[in-house]
Amino acid sequence: MISLFHTVAERLYQFKLRHTKAIMNLLIFIIIPTITGIAFGYEMGYNRIESVPIMIADYDHSEFSRTLSDYIADSEILTIKEYASSNEQVKDALDSGEVMAALIIPEQFNKDLLSGKGPKLEVLYDGAQMTVASAAKSALSEILLTVKAGYMKNIYQGKLSVVESESMKQIQPIGATYRVLFNPTKNYRNFLLPGMLAALMQVGFGIIGLSRSKEERCGFSKSISKIIGWGLAGAGSMTICLGIQYLFFNLPYRGSLLAGALMTCFFAIAMTAFGFIMGRIVPDRVFATQLTCVLILPTSILSGYTFPVMAMPEPLQKLSILWPLTYYGDGIRSLCMKNIGLSYFIPHLTALGTIIAVELLFMACIVLVERKYYDYQLS
Amino acid sequence: MITNFHNTFIKVKDILVVLFLPIFFTLLFGYVYSNTYVERIPFAILDLDESPSSRMIIDQFSEHKGMDVIGTVSTQDELKDLILSNQIYGGLVIPDHFDEDIKAKQSPDLLVLMDGTNLVIGNNLHAYTTTIINTLGVGVQMSILEGGSIVPYNAEQYLTALSFTSRMLYDPQMGYFLYVFAGILGILIQQTYLSVLSSRLLESKNELAQNPYQSSIGFPNTPLLQSILRLLCLSTVSFFLCLLFANKVYGYPLRGDTLSLFVLVVLFLIDVTAMGILITSFFDDEAHCAQFCMFLSVPTFLTSGYIWPEFMMAPHFASIIKSIWPLYYFVNPLRGLCMKNASFSDILPYLIGSAMFAAVWLTLSILLFRYRIRLMRKTKSDNLDICKNQL
């Protein structure tokens, strides 16, 4: 058994030595995107924030407080983890992260409510977990407003003798319908994954560009063909990555296929060209790799994919036009969620095309300088 | 001369990467998130009523700093088209006869449209519009109650009854930097440490594999351990400097005790060392290894339970992640320590998990690394034997 293990390990090692380049390409273009895509898709299986653990400290023990607890128990967003007997217990649970929200119903709450004293409920949220706290706050506000509407209905009917059919209109004198377009369930996975996968894949495109530039010193036309060829291979890999989400994890794709294909190709070529240039100007291969990745990775934040560019300081807003991910991340998410045609992406494609053109121009300059340098050395 | 220059360059580069790169990115990302709120979100209004009430509503929306009302549109299709093309992120439709319906107490309905593709923008917009509309509603309700012969004091009591006091603990402003920084710091420390460590480990592996007839494996050896220890110290210093800069420049809270932070970061770096040894067991080329390591940042961050909390993960996913990558044991308690002043007992389960991770993976990765050296030596000796036979 052990000798079999040794033999297999040895064969694998020999195989790896012979096909290092092919293995790296396979790893970057197929294996990593596939595994990551499956892992992210599976991880975020619930799609949106739900079952947020909440604690209730009920000092009132009235019919009202029990009704309120029932409302919370019925909510999909919230899950009652425990009933607390003291405020210290609430604080400890929030400190330790056991619960992320807490509702405190004060003593004699129901009695004060009936006698018109305007008692207040206290709601605590774990502000360290911003997204969860926001979801919990919105769910709890909705529940409390529903309960309050019932209370106000009694006031209108009892004190103002308003008939039942009219009372609801007076409770809410200005109604509001909130319609969340393109992502009505506030699906977090659809919001996050397309751009995050692009942020991951762009590292691969940069690395591939860099590796190809280190293979041989080639002229301008050969460099272009390498950049475009490997860029298109990268676009194929990106398609696989998004395809996995579409086929197995219900990521929608509602926009124009042509727009998606063009955007993906332009993005992959732009990133491959960037890696290629880095490979040409930084002599040390390891340092070039590290530098390329150090320059590419922060764009997942600087491109404004999650935290929007409009909220960043002005100098960073201006810088954001330089990152291909600024156009691709936002664009591919729109294509996934909106039924939108190619014409809407002309500005995105123009920007990506301009970046590629500038990169190629830079590449031409590098080739020219290199040629002059070698000519000078020869002379 | 060239070798000396190369060695100096490598040493300086290592210090720059491990010590200064995390600090640079702390300052950069702090600057990115320096505006606490997402404000001036482009917004448009469709006013089908054009009455004093509708103009009052438009004024309220225009004056709110959360929104940038770029103007009014004439049809709902126009509004939707602007949202579709990302020129605006939301819109308000004020229906016809809005003013008349308010006066007739018919509860007219406003329609708020929001672009849900970017949830950060959508959620902020939702909060801003809800606040404005609820405030307007309370004003109208107050006048209805007072008009119905209820004294103003009682009317106010009725309207404020069943209201609730919301307290956002630890970060009342709910700023994005405070929310995300512990996670980003974890990734910065992990990536910089791993990239330099893997170079040292590969150098050592290739050196040890040079002599195929050496009897002992020689791993781990003293010079390598010293080198790892140096890196570990540098990374720890960098971690504390990042926290300090984040605190002084961007007001990131440092509520936890230093000893807990120290134990946490050292255990994490030992875990990453184990993973570094494991990864370098599979690679011979330094550049390939660096490329692979760089790929780890996004996946490990998104699966660490920091952005997508553990209770929301699909079944068994968290246990798999916890057993194959250590970031979970670092970023989550780090957030607890800094933001909440979590006690030692609160972070103890993470420390135990981290220590167990180190014990298991360090053993396995050292065994694998040693095996790999043996394999490389054997291949080399086989090749030498073939050469000798050919000669």
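**Exercise 1. Classify B:Asp285 as buried, partly exposed or exposed, then describe its salt bridge across the chains.**

Solution. B:Asp285 has a relative accessibility of 24%, so it counts as partly exposed. The classes are: buried under 20% relative accessible area, exposed over 50%, partly exposed in between, with a 1.4 Å probe and protein chains only. The partner of B:Asp285 in a salt bridge is A:Arg285, with 3.3 Å between the closest N and O atoms. A salt bridge here is a side-chain nitrogen of Lys or Arg within 4 Å of a carboxyl oxygen of Asp or Glu. Because A:Arg285 lies in helix H11 (residues 285–296) of chain A and B:Asp285 in the loop between H9 and helix H10 (286–295) of chain B, the pair joins two chains. Helices (H or I, at least four residues) and strands (E, at least two) are DSSP runs, numbered from the N terminus. A:Arg285 is partly exposed, at 28% relative accessibility.

The model is predicted: local features need pLDDT of at least 70, side-chain atom pairs count only at pLDDT 80 or more, and totals for chains, interfaces and linings use all residues. Residues are numbered from 1 along each chain as its sequence is written, chains are lettered from A and ligands numbered from 1 in the order in which they are written, and side-chain values use heavy atoms, with hydrogens and water left out.

**Exercise 2. Find which parts of chain B the salt bridge between B:Arg372 and B:Asp284 ties together.**

Solution. The side chains of B:Arg372 and B:Asp284 form a salt bridge at 2.9 Å, N to O. B:Arg372 lies in helix H14 (residues 344–390) of chain B and B:Asp284 in the loop between H9 and H10 of chain B, so the pair ties together parts that are 88 residues apart in sequence. B:Arg372 is buried at 7% relative accessibility, and B:Asp284 is buried at 18%.

**Exercise 3. Describe the contact between chain A and chain B.**

Solution. Chain A gives 123 residues to the contact and chain B 118 residues, where contact means heavy atoms within 4.5 Å. Together the chains bury about 11100 Å², 67% of it on carbon and sulfur atoms. Buried area is the accessible area (1.4 Å probe) that two parts lose on being put together, summed over both. On the chain A side, A:Glu43, A:Ile174 and A:Tyr178 lose the most area to chain B, together 7% of what that side buries. Four salt bridges run between the two chains; A:Asp126 and B:Lys340 also form a salt bridge, at 2.8 Å between the closest N and O atoms. For the complex the predictor gives an ipTM of 0.87 and a pTM of 0.88.

**Exercise 4. Place strand S4 of chain A among its neighbours.**

Solution. Five of the six residues of S4(A) (residues 121–126) are buried, so the strand is largely enclosed by the rest of the structure. Strand S3 (residues 101–105) of chain A pairs with S4(A) in the antiparallel sense over four bridges; two strands pair if DSSP finds at least two bridges between them. A:Ile104 stands opposite A:Glu122 in S4(A). S4(A) also runs parallel to strand S5 (residues 164–169) of chain B, joined by six bridges. There, A:Tyr125 has B:Met168 as its bridge partner.
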